[in-house]
Amino acid sequence: MAKGTDQVVGLGLVALSLIIFTYYTAWVILLPFIDSQHVIHKYFLPRAYAIAIPLAAGLLLLLFVGIFITYVMLRNQKDTKKAQ
């Protein structure tokens, strides 16, 4: 079972994910149907960022996964050489 702090951290991550999902959904799906002069537009970034931010996040994710895989493979290669 998860301990108290683990549950709080997990709940915080779920809440953050829901907030980001709601913001992005409103930004990309609902905002184009609202008049551009409406006051709600000042709470959202320009639409160009709707593509740029997820693209940058995806590229960073791929970079970190690649670095992690490279690190693990190099570490295992060193361990194999030591065992021989």
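**Close-ups of a predicted model**

**View 1. The largest nonpolar core is a five-residue affair.** In this predicted model, the largest nonpolar core is made up of A26, W27, L31, F44 and A50. Take F44 as a way in: setting aside neighbours within four places in sequence, F44 is in contact with Y23, A26, W27 and L31. Three of those names, A26, W27 and L31, are also on the core list. As a rule, nonpolar side chains in soluble globular proteins tend to be buried together.

**View 2. Y23 and F44 make a stacked pair.** The structure has three aromatic pairs. In this one, the ring centres of Y23 and F44 sit 4.9 Å apart with 25° between the planes, so the pair counts as stacked. What does the pair tie together? Y23 belongs to helix α1 (residues 4-30), while F44 is in the loop between α1 and α2 (49-83), so the pair joins parts that are 21 residues apart in sequence. As for cover, Y23 is partly exposed at 33% relative accessible area, whereas F44 comes out at 15% and counts as buried, because the cut-off for buried is under 20%.

**View 3. Y24 and W27 meet edge-to-face.** Here is another of the aromatic pairs: the rings of Y24 and W27 are 5.8 Å apart, centre to centre, and their planes are at 85°, an edge-to-face pair. Both residues are in helix α1, three residues apart, so about one helical turn separates them. Is W27 buried or exposed? W27 is buried, with a relative accessible area of 3%. Its partner Y24, at 32% relative accessibility, is partly exposed.

**View 4. Four aromatic residues join up.** Pull the two previous views together and you get a cluster: ring pairs link Y23, Y24, W27 and F44. Among these, W27 and F44 also belong to the largest nonpolar core, and Y23 is one of the contacts of F44.

**View 5. Stepping back, the protein has two helices and zero strands.** That is the full tally of secondary structure. How does the radius of gyration sit against that of a compact globule? The protein has 21 Å, where a compact globule of 84 residues would have a value near 12 Å. Along the principal axes, the C-alpha atoms fill a box of roughly 70 × 35 × 15 Å. Buried residues account for 7% of the 84 residues; W27 and F44 are among them. The accessible surface is about 7,500 Å², with 74% of that belonging to carbon and sulfur atoms.

Key. Residues numbered from 1 in each chain as written. Predicted model: local features only at pLDDT ≥ 70, side-chain atom pairs only at ≥ 80, totals over all residues. Heavy atoms only, no water. Core = buried A, V, L, I, M, F, W, Y, C linked by side-chain atoms within 4.5 Å. Buried < 20%, exposed > 50% of the residue type's maximum accessible area, 1.4 Å probe, protein only. Contact = heavy atoms within 4.5 Å. Phe/Tyr/Trp six-rings, centres within 6.5 Å; stacked < 30°, edge-to-face > 60°. Helix = DSSP H or I, 4+ residues; strand = E, 2+ residues; numbered from the N terminus. Rg over C-alpha atoms; globule rule 2.2 N^0.38 Å. Areas by Shrake-Rupley, 256 points an atom, 1.4 Å probe, with all protein chains shown as cover.
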